[in-house]
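Subject: A structure for you to explore

Hi there,

Here is the structure I promised to pass on to you. Have a look at it first, and then read my notes below with the viewer open.

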Amino acid sequence: MTPFRLLLVEDSVNDAALVTAELEQAGYLPTARRVETLDALRDALATGPWDLVLCDYRLPRFSALDVLSLLHSQGGDVPLIVLSSQLSEDQAVTLMKAGARDCFSKDRMARLGPAVARELEETRVRRERTRAEVDRDILAKASELLTGSLEQAARLDQLVQLMVPRVADWCAFFLQDPNQGGLRLVALAHPDAERRAHAWKLDQRFPLDPQSAAGPAYVLRTGQPEFMPDVRKRSEPITRDVAHQRAIDGLGLRSVVNVALPGNDGRLGVLSMGTLGERTLAPVDLSLAQELARRTGLVLENARLFQEAREAVRLRDEFLTVAAHELRTPLTTLRLQLGTLLQRTEAHHLEPEVVTRLERSVRQVRRLGTLVEGLLDVSQLSSGELSLMPERFDLEELVSEVLDRYQAEARAAGCELRQSTRRGLWGTWDRLRVDQAVGALISNALKFGPGRPVEVDVGREGGFARIQVRDRGIGVPVDQVERIFERFGRAVSSHSYGGLGLGLYLARRAAEAHGGRAWAESASGEGARFTLELPLEKETRE
């Protein structure tokens, strides 16, 4: 026997019994509801879904055409077959044009079984196709939502709205609450605002028991999906708390699906959805819920990892700031002490070897100071842009000063520092930031091009001043020319070349803070050319 839901529009009890008997004889087990008025028909359709409508042609105060009109206005996919003892050929044609699936006389009831079989099969195919389109649309929109925002609460709120009312009458997300040791309702969709508010209060008043034998807590504990087509037939209550169970029953639930949200280290929560009244969920709804839960769990897991990574970065930056501040004071004192000793070398007639060692110590302390200042600048950039103190000066003169400061380091590296002919290039920039940026480019050239000359050229290009530092070292792979300007970015192993990977990053940020830019051009093994471009007239920045 094939069960199906039959809506019978018939004013004759005897004819209705005759139709039911004929269907049972044809192998069907209809769950039938008989209506005699349009209002009763409208109420019955609201409790759907129905699989088939069988209708007499003429009833008191309305006809089969009125029934067809009502079905079309409801927008559902319910086929209608007209049965009548008096039906002309013209009337049948009119009904078929209006949307009836079949029309025949009650004297030919032998046609009923095959007609019902055909309509049920065609309806099944149409509904499956429509449902597949709905599922694809929901999952596509869900994917768009899940990848469009990092705000967890906003995403879950929008996701539950996708399911109501197309798939279910309500939908909710429960997430694990480490503080309470159980599940916490975080998103809920329900068309009735009063019931929605009641559900939120219910969650606060009666937290779900982690040891429940059914419901979201059970699914979270076991990982097994729960599909209850009719919760009234549930063998185990969701809770042993009588007041809590009474409140749940008061929600009027009919069908329920609960599926776990998977995570890397366990289940993150539960997706729950259900129906009210006569509407029920089907296995296809369980499949959709499982796919939505899988995608949601994946994104929640990624969001958690992102938050952990962001927190780790915050802690690192905080440590760097504290460490840099702690190092700054003793380094300043040490640099002053070494400077004083160096100034007194002639008066005290120190041996040349001692003087050399003092000069080397001064350079190393200065280098440490540069690293510390770089760490502080990185910390400042983490919370905003670099602050500038512009002043007017000759850029070529500043570059010359920086080159003089790096002469000793260049000799140690076996490099000759060459500067293009000075012609004077004045502008308004932050002297300290430009000094740091040029120093970073020269230091970088000496590090990666030892034993070969380093050429520094200062010139004008349109409305910009350009400082170009060219070395003949190992060069930079094409796919790394942008990465080396990132914070802590490196193109080579830190074991082979020292440094923190901050010099070029700060140089670019300093150029950008002025309204300029910094970039590199290189072919691997042929050296590299680094360019720092600064506007000759400082841009107005908000």
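**Strands and sheets**

Let's start with strand 10 and strand 11, which run antiparallel and are joined by three bridges. Within this pair, methionine 228 sits opposite valine 256 of strand 11. Before going on, please keep in mind that this is a predicted model.

Strand 10 and strand 11 belong to an open sheet of five strands, and its order is 9-8-12-11-10 with antiparallel pairing. Which strands are the edge strands? They are strand 9 and strand 10 (226-228), each of which pairs on one side only. From one strand to the next, the twist averages 20°.

Two helices are worth finding here. Helix 7 packs on the sheet and touches strand 8, strand 9 and strand 12, and its direction makes about 170° with that of strand 9. Helix 10 also packs on the sheet, where it touches strand 8, strand 10, strand 11 and strand 12. The direction of helix 10 makes about 35° with that of strand 11.

Further along the chain, look for strand 16 (residues 454-461) and strand 17 (residues 464-471), an antiparallel pair with seven bridges. Arginine 460 has alanine 465, in strand 17, as its bridge partner. The hairpin of these strands has two residues between them, and glycine 462 takes a positive phi near 65° there. Strand 17 is also joined to strand 19 (residues 528-535), antiparallel again, by eight bridges. One pair to look up there is aspartate 471 and its bridge partner in strand 19, alanine 528.

**The cavity**

Now for the empty space. Rolling a probe the size of a water molecule over the atoms shows where such space is left. How many cavities of 30 Å³ or more does a search of the whole structure find? It finds one, and this cavity holds about 440 Å³ of space. It is lined by 24 residues, with Trp170, Phe174, Leu202, Leu251 and Leu253 closest to its centre.

Some of the elements you have already met return here: strand 8 (170-177), strand 9 (182-189), helix 7 (193-205), strand 11 (253-263) and strand 12 (266-276) are among those that each supply at least two residues of the lining, and helix 9 (242-249) is another. Helix 7 gives the most, with five residues. By class, the cavity lining has 16 nonpolar, four polar and four charged residues.

**The largest pocket**

The largest pocket contains about 1700 Å³ of space. Its lining is made up of 44 residues, and Gly48, Pro49, Trp50, Arg127 and Thr280 lie nearest its centre. Two or more lining residues come from each of strand 1 (2-9), helix 2 (38-46), helix 3 (64-74), helix 5 (112-148) and helix 10 (283-343). Which element provides the largest share? That is helix 5, with eight residues. Sorted by class, the pocket lining has 18 nonpolar, 11 polar and 15 charged residues.

**How confident is the model?**

The mean pLDDT of the chain is 87, and 95% of its residues reach 70 or more. Where does pLDDT stay under 50? That happens over residues 538-542, for which the model has nine contacts beyond four places in sequence.

Enjoy exploring, and write back with any questions!

Best wishes

Technical notes: Residues numbered from 1 in each chain as written. Predicted model: local features only at pLDDT ≥ 70, side-chain atom pairs only at ≥ 80, totals over all residues. Heavy atoms only, no water. pLDDT = per-residue confidence, 0-100. Contact = heavy atoms within 4.5 Å. 1 Å grid on protein atoms, 1.4 Å probe; cavity = no way out; pocket = protein on both sides within 12 Å on 5 of 7 lines; lining within 4 Å. Points joined across faces, edges and corners; volume = space filled by probe spheres on them. Helix = DSSP H or I, 4+ residues; strand = E, 2+ residues; numbered from the N terminus. Nonpolar A, V, L, I, M, F, W, Y, C, P; charged D, E, K, R; others polar. Pairing = 2+ DSSP bridges. Axes fitted to C-alpha atoms, helices over the stretch in contact; angles between N-to-C directions.
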